[in-house]
Amino acid sequence: MRPQSVGWLFLAPTLLILAVFGVLPFIYVLVVSFFDWNSFAADPTMRFSGVQNYRDLVFDTGFLMSLWNTLKFGVFAVASEIVLGYFLAQLFMRNFPLKGFFRTIHTLPLMIAPVAVGATWRLMTVPGLGPIPYYLDRWFGYDYLISRYAGQAFFTTVVMDVWHWTPLVTLTLLAALSSMPKEPFEQAQIDGANKLQTFWYVTLPLLKPAILSAVFIRLMDAMRTVDEVWMLTGGGPAAATRYVGLYIWRVVFPKTDYGYGSAMSLITLYLTIVLCWLLYAGLVARRDLRKPE
Amino acid sequence: MKRDRKGLSLTFWLFSSLITLFPIYWMFCVSAKSRVELFGAPTFLIRSFFSENYWATLTNTSFQGYMFNSIVIATSNALLVTTLSLFATYALSRYKLSGKENIFFWTITNRMAPPAAFLLPLFLLYTQVFVIGDWKMFDTRIGLILLYCVFNLPFAIWTMRGVVDAIPQELDEAAFVDGASTWQVILHVILPLARPGLAVTAILTWVFAWNEYLFAATLTSVHARTITTGLAEFVTVTGTNWGQMAATAMLTLIPAIIFLSLVQKHIVAGLTFGAVKG
């Protein structure tokens with residue numbers, strides 16, 4: 001066998017870059033979160049403050065509201081993407097003319113920069129220019145103005161996210177569906193299972209790992225969405241779409257409250273991990289418990 | 001009967017494509033119209049192509065700088081990431097390294113953390129710690145190139161692992177028996193066989209780097225600004241020049257469209273390898 005040291009040498013540059021630009025910032029943020037540090041404050045030096053930043057967080061209604069809104073946004077967006085993505089992936093499993101062409105079109109939104117996605121949807125929804133407010137008013141007499149109505153702004157961000165990210169879910173599930181074994185389906189047919197039963201007892205369990213990984217990736221991304229929403233609504237109206245990423249950004253940069261921003265970042269990261277873990281435990285472990293029967 | 005279903009499926013796909021493409025088409029419409037034409041009812045027809053919007057962006061010197069920066073940063077990052085990921089996956093696939101599966105998994109965790117958590121420490125590191133004399137890593141292209149490795153390298157490694165694993169080990173063993181060095185094996189055995197996978201990886205990492213906004217906006221001020229930050233400035237600073245904003249947005253998505261049509265066939269495997277494996 002060739003010497004291990006050569007192998008480590010090949011890995012070294014990758015590990016070095018990830019350590020310096022990935023791990024080091026993480027340690028830094030962890031340390032800063034225990035300090036009181038605001039460069040605009042009367043005393044701009046770092047002062048150790050223990051868990052004070054974390055204590056403040058619990059009573060910061062602005063932050064808690066933004067967490068709640070982010071969670072709502074994530075749940076609505078990801079659930080719609082999974083359903084829609086599954087539906088499209090199943091349809092892409094069939095053969096039809098121009099399949100490659102249609103697949104390219106349905107992958108396109110995925111390749112667009114989030115900032116450009118935000119810009120596109122702003123052009124669609126801006127009053128006096130966009131077709132959405134114009135036709136909703138003309139055909140249905142519906143007053144659509146996302147700079148005023150919080151609910152509309154919220155649902156527009158969800159729709160934009162679904163438009164942008166459903167292709168990722170479709171591709172993930174499509175890859176999983178194409179690599180699925182045929183036998184269980186044939187067996188189900190022999191046993192006389194109807195379509196719903198086949199879906200529930202055969203397709204879904206086989207597809208579960210792919211669905212789970214799609215949910216995780218999308219949920220993590222939704223919890224950290226900034227660019228698109230910033231371009232579309234700027235976090236408004238009031239704070240209705242000021243999702244947690246935007247909220248942290250405002251505390252850290254315009255207000256330069258570094259210690260507090262660090263604590264918020266860590267809590268958000270922690271909550272994202274907990275959320276994914278709960279989902280994992282709820283969806284995977286429960287089924288495993290049932291197995292022994 | 002069968003013909004009916006075919007017609008139905010075609011209708012469905014056309015309709016669904018229409019919905020998918022509509023926002024992009026509308027942006028194109030806005031980009032092709034003058035300010036005067038944009039008043040009044042939205043129309044989806046382009047009577048005359050108003051190229052002024054595009055020229056205004058393309059001839060703006062600060063925008064030329066942004067575009068140049070974006071091209072340099074995305075290209076260097078894609079080259080660096082594909083090279084390093086080839087080395088890393090070669091090591092992970094061919095050497096018996098202790099704990100290598102843990103390392104493999106650890107790399108992907110770098111992609112999971114919310115960027116908001118990293119903005120502040122990176123900003124501080126770039127302005128106060130990564131400083132050599134008068135030189136700061138803040139507002140430099142190299143700063144962004146190296147930083148984008150944090151989310152592109154894990155992706156590339158997870159994609160390339162399968163590609164390199166699939167190359168039969170007998171091939172490099174045979175080359176070693178013939179007296180080839182490790183470098184020669186990588187260059188003449190692995191590289192040619194991994195080329196399709198490398199191409200998809202390079203293109204996707206290029207697009208990810210080109211599309212990135214948050215870090216570019218936070219860690220640059222003048223010299224290293226990228227095209228996405230330029231686009232965002234349109235909304236926050238100038239506000240209402242919709243035509244030119246749309247033209248700029250169209251310019252940012254042209255490379256993505258070209259690349260997508262190039263790798264369309266391989267993208268399913270490329271984008272989802274990690275998911276299928278996990």
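## Two chains, from chain B to the shared interface

Chain B contains twelve helices and two strands, in a model that is predicted. Followed along the sequence, the elements of chain B are arranged as α-α-α-α-α-β-β-α-α-α-α-α-α-α, so that the two strands are flanked by helices on either side in that order. The C-alpha trace of chain B extends about 75 × 75 × 30 Å along its principal axes. Of its 278 residues, 45% count as buried, and where contacts in chain B link residues at least 6 apart in sequence, 77% of them join residues at least 24 apart.

The domain assignment splits chain B into domain 1, covering residues 1-50, and domain 2, covering residues 52-277. Taken over C-alpha atoms, the centres of domain 1 and domain 2 of chain B are separated by 32 Å. Across the boundary, nine residues of domain 1 of chain B are in contact with eight residues of domain 2 of chain B, and the residues on the domain 1 side of this contact divide into five nonpolar, two polar and two charged.

Within domain 2, a backbone detail deserves attention at B:D139, whose phi is positive, at about 65 degrees, although this residue is not a glycine. B:D139 sits in the loop of chain B that runs between strand β2 (135-136) and helix α6 (141-166). It is classed as partly exposed because 16 other C-beta atoms lie within 10 Å, a count that falls between the limit of 12 or fewer for exposed residues and that of 20 or more for buried ones.

Chain A offers a second case of this kind, for A:A238 is likewise not a glycine and has a positive phi of about 50 degrees. The loop that holds A:A238 connects α10 (227-232) with α11 (244-252) of chain A. Here the surroundings hold 10 other C-beta atoms within 10 Å, and A:A238 is therefore exposed.

Elsewhere in chain A, helix α4 spans residues 99-111 and has 13 residues. From its first C-alpha to its last, α4(A) reaches 19 Å, which is close to the 18 Å expected at 1.5 Å a residue. The buried residues of α4(A) include A:F102, A:R103, A:I105 and A:H106, followed by an unbroken run from A:T107 through A:L108, A:P109 and A:L110 to A:M111.

The two chains meet in a contact that takes 74 residues from chain A and 71 residues from chain B. On the side of chain A that touches chain B, the largest share, 16 residues, is contributed by helix α1 (residues 4-32) of chain A. Sorted by class, that side of chain A has 50 nonpolar, 19 polar and five charged residues.

One pair of helices shows how the chains come together in detail: helix α5 (residues 114-125) of chain A packs with helix α11 (residues 242-263) of chain B at an angle of about 145 degrees, their axes lying 10 Å apart. The crossing of α5(A) and α11(B) is left-handed. From α5(A), the residues A:A116, A:A119, A:T120 and A:L123 take part, and they meet B:W242, B:M245, B:A246, B:A249, B:T252 and B:L253 of α11(B). By class, this contact comprises eight nonpolar and two polar residues, with no charged ones. The spacing within each set can be read against helix geometry: an α-helix has 3.6 residues a turn, so residues three or four places apart point the same way.

Key. Residues are numbered from 1 along each chain as its sequence is written. Chains are lettered from A and ligands numbered from 1 in the order in which they are written. This is a predicted model: local features need pLDDT of at least 70, side-chain atom pairs count only at pLDDT 80 or more; totals for chains, interfaces and linings use all residues. Axes are lines fitted to C-alpha atoms, for helices over the stretch in contact, and angles run from 0 to 180 degrees between N-to-C directions. Helices (H or I, at least four residues) and strands (E, at least two) are DSSP runs, numbered from the N terminus. A crossing is left-handed if the near helix is turned anticlockwise from the far one by less than a right angle, and right-handed if clockwise. Two residues are in contact if their C-beta atoms, placed from the backbone, lie within 7 Å. Ala, Val, Leu, Ile, Met, Phe, Trp, Tyr, Cys and Pro count as nonpolar, Asp, Glu, Lys and Arg as charged, and the others, Gly among them, as polar. The expected span of a helix is 1.5 Å times one less than its number of residues. Domain bounds come from an automatic or database domain assignment.
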